[in-house]
Amino acid sequence: MKIILGIIALGILLLPSGIAAHEELTPEQAAAAGIGIEEKTGQTIPPDIILYDEKGSEARFRDLLGRPVILTFVYYTCDRICPQMLEGIARALPALSLNPDRQYRVLTVSFDETDTPTIARSRKNDYMTAIGRPYPETAWRFLTGHREGIDRLTEATGFRYRRDSHGFIHPVVLIILSPEGKIMRYMQVTKYAYGQAYPVTFSPFDLDVALTEAARGKAVTGVQKAVLYCFAHEPEGLGKFFGILSVVGILTLAAMAAFFIYLKVTEKRYRTDR
Amino acid sequence: MEPMNKKPDRAGFYARTGAYRWAIVEWMMSTDHKRIGVMYLLALLSFFSVGVALGFIIRLSLLAPGWLMDAQTYNEFFTIHGLIQIFLFIIPGIPVAFGNIFLPILIGARDVAFPRINRLSWWLYAAGALIVLTSLFIGGKPPDTGWTFYAPYSIRTPANVSVAVLGVFVLGFSSILTGLNFVTTIHRMRAPGMSWFRMPAFPWTLYATGWVQMLATPVLAITLLFIFLGRFFGVGFFDPTRGGDPILYEHLFWMYSHPAVYIMVLPAMGIISEIVPVFSRRALFGYTAVCLSALGIAVVGYAVWGHHMFTSGMSDTARVIFSFITFLVAVPSGVKIFNWVSTLYKGSISLDAPLLFACSFIFTFSIGGLTGLIIGSLAPNLHLHGTYFIVGHFHYVMFGGAGISILAALHYWFPKITGRMYCERYAKFGWLLFFIGFHVLYFSMFVLGYQGMPRRYFDYPPQYHLGHVISTTGSWFLVAGLIIIFGNLIRAIFRGERAPANPWGGRTLEWSIASPPPHENFETIPVITRRPYPYDVEDVR
């Protein structure tokens, strides 16, 4: 009894920390934290940015262009929305009417400089398999980079993200580039289908239109405000909660152990008294 | 009072003590473990019948979705079905009813260690049950969260969740006190000469259960308290809009509710371990292993709760660990299954109703356990978790495990509890209908689930119709079987032949005293000189 009352008392003690725990990511907060998209439609990405391809060899950004490009930023260790976005792309690509590698190309770039070409190669294998039909290797590149290259690329595209205790906070967006490396439009993900097997989907028709227009050099301006962010949600009060939980848990276990020892020690006395 | 005493069958502990004027007060104020146990048993079986009726109506409604109830009513029905069957019937179930009646007798004691705390547990149980039932009838809607009270819906729903949660909270205290009482009783009240390994298997499982009750139930209490605080004071531990984490709720809830599975199933295994030796006239094979595996299950069972949450957001590392430990807990369960079967091997078997039920326990529980391994592995779990497969598995373990063992115990100990014999033919006929109905009803759920029928839905696409019709047909057989089984038992209470002290040839202590047992059980406390199932020494075969 005492133990339980003790647990309840301790539980009530930690209420203030629970009330204080408050964390949400509204578009305003995200913007205040400098996370989101700063529109740079019409500007050209510096062609001399150096990245690394899946084999680990240097790849100049200029050499990756030459046709309209879908540019996506992820980090390869992400276990939240990044894989779901890539899955969405993998499902949309076979349905495009354009010819892969000749008429468009997908560039997936990790903004985490600790990601290696090895892990990029393994991701590439996953999503190539997910496409479910033969698809040219060169049409979807999984790139990594040094801090400097990453910074120049994200700066040029206006992609604002931040490192967090559990990965990164970043917007979910497809950036369409012209064959010359000019930013043509931002396609932001606004819908997340909760509970579906594939919560992030892209319309092949929209992608077709965007890539065709990018090939013709037609830019579309405008960035939506209500967009999807990829971030880890770890309420602040949770740490304290677990701290108290472990103390209470250990106390309970100790009390039970003490009770057991007490029963064991007094067992003989009670049983011979009878 | 006078005319009541003339009734000839008020024998044993049913005889009026004369301490109170009204019988009902005398019973409610009684500290006799047998009386408390019988009251528990009656309450449990009443709730069970209500729960079965609700389940029956749910199945009926699934015959053609929408013809009997709308979506909200369906939610309320399966919530109340779950609340009643889980919290009012199966979790307290075996320990409070059969444990109370037989634990002191099996270890050669006159009562439990704390008879008045025992009475308090019973009062708390009755109060908790009343509070839970109140939530159905007072203003507002009955609870609609499912029996798990998952946050944040349980914090936001306008339904009467608070009252139901309060009831479950009170029931939890009853459970803790019972555990405390039984553990102390087993430590202190064993008859002279009854060492740990001369104790029958049922007390062993009650001992393991007692520790689980004491350790796990406080977690539930504190979790429900937070639901309470969330609803009334806006404390947002589990509410993401207030900075809380709904997955935290799931962790805390299953940290209790998975061990609770062992609160139900461990004593069920104890009952089977009592019945199988008696009806096969053999000492319980691997007696020591059976007893210790109860402790093994209780210990390992603490660390598997995560397998309820494989699909709700957990790191892969945690998933792999929980999955592995889940496989581990199958080992002591398997030890028991194999030992029961080995006990039957070359035994002199008399296939009476209790053994029929015990064997169906072994069969059904094996299916429940093995399907548990399927959903305990990570990859199949992703496909099966949200489906009827879980519903099927759950009912195979709860109803097919704990439920059937209660039916087995009822038939096994019925002569001892009531002093009457039931009709064996009707018992077997009822068993047959029940057994067929059970498997038709719940096995089709495995198939439905594998095909992708989601659980908790009141509606379904046409391709699942056949499966649902088969399942519902099974429920008719099952209910018919239950009606025959209980009709037979109720008839026996009034019309049955008088039972001898030892109708089955049992060798444990309860069969050495009169049926029904007298107040205080034993005139002289027996001295124990050997293991509980001495058929091998006696050479009765």
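Colleague: In what order do the three strands of the open antiparallel sheet of chain A stand?
Modeller: Strands here are DSSP runs of E with at least two residues, helices are runs of H or I with at least four, and both are numbered from the N terminus. Two strands pair if DSSP finds at least two bridges between them. With antiparallel pairing, the order in this open sheet of chain A is β8-β9-β12.

Colleague: Before we go on, what pLDDT do local features need in this model?
Modeller: Residues are numbered from 1 along each chain as its sequence is written, while chains are lettered from A and ligands numbered from 1 in the order in which they are written. This is a predicted model, where totals for chains, interfaces and linings use all residues, side-chain atom pairs count only at pLDDT 80 or more, and local features need pLDDT of at least 70.

Colleague: Thanks! Back to that small sheet: which strands of chain A stand at the edges?
Modeller: An edge strand has a single partner strand, so one of its sides is left without a neighbour in the sheet. In chain A this applies to β8 (162-164) and β12 (229-230).

Colleague: And which residue stands opposite A:Pro171?
Modeller: Strand β9 (residues 167-171) of chain A runs antiparallel to β12(A), and two bridges join them. Across from A:Pro171, in β12(A), you will find A:Tyr229.

Colleague: What is the strand order in the open sheet of five strands in chain A?
Modeller: Its pairing is mixed. The edge strands, each pairing on one side only, are β6 and β11 (183-188) of chain A. Read across chain A, the order is β6-β5-β4-β10-β11.

Colleague: By what angle are neighbouring strands of this five-stranded sheet turned against each other on average?
Modeller: Axes are lines fitted to C-alpha atoms, for helices over the stretch in contact, and angles between N-to-C directions run from 0 to 180 degrees. For this average, direction is ignored. The result for neighbouring strands is 20°.

Colleague: How many bridges join β5(A) to β6(A)?
Modeller: In β6(A), A:Phe142 stands opposite A:Thr108, and A:Leu143 is the bridge partner of A:Val109. Strand β5 (residues 105-110) and strand β6 (residues 140-143) of chain A run parallel, and the number of bridges between them is four.

Colleague: Which helix makes a β-α-β unit with these two strands?
Modeller: The unit is right-handed: with the strands pointing away from the viewer, the path from the first strand over the helix to the second runs clockwise. The helix packs on the sheet and touches β5 and β6 of chain A, its direction making about 150° with that of β6(A). Residues 117-131 of chain A form this helix, α6.

Colleague: Over in chain B, how do α10(B) and α11(B) lie to each other, roughly parallel or roughly antiparallel?
Modeller: The axes of helix α10 (residues 246-280) and helix α11 (residues 287-300) of chain B come within 11 Å and cross at roughly 175°. Angles under 35 degrees count as roughly parallel, over 145 as roughly antiparallel, 65 to 115 as roughly perpendicular, and the rest as oblique. The two helices, α10(B) and α11(B), are therefore roughly antiparallel.

Colleague: Which residues of α11(B) make the contact with α10(B)?
Modeller: Residues are in contact if their C-beta atoms, placed from the backbone, lie within 7 Å. From α10(B) come B:Tyr262, B:Leu266, B:Met269 and B:Ser273. The contact residues of both helices divide into seven nonpolar, one polar and no charged, where Ala, Val, Leu, Ile, Met, Phe, Trp, Tyr, Cys and Pro count as nonpolar, Asp, Glu, Lys and Arg as charged, and the others, Gly among them, as polar. On the α11(B) side the contact is made by B:Val290, B:Ala294, B:Ile297 and B:Ala298.

Colleague: Is B:Lys346 buried or exposed?
Modeller: B:Lys346 sits in the loop between α12 (316-344) and α13 (353-376) of chain B, and its phi is positive, near 60°, though the residue is not glycine. A residue is buried if 20 or more other C-beta atoms, placed from the backbone, lie within 10 Å of its own, exposed if 12 or fewer, and partly exposed in between. With 10 such atoms within 10 Å, B:Lys346 is exposed.

Colleague: How far is B:Gly244 from B:Pro152 in space, C-alpha to C-alpha?
Modeller: B:Pro152 lies in the loop between α6 (115-137) and α7 (153-156) of chain B, and a cis peptide bond joins it to B:Ala151. B:Gly244, in the loop between α9 (201-233) and α10 of chain B, is buried, with 27 other C-beta atoms within 10 Å. The two residues, B:Gly244 and B:Pro152, are 92 apart in sequence, and their distance in space is 9.3 Å.

Methods. Two residues are in contact if their C-beta atoms, placed from the backbone, lie within 7 Å.
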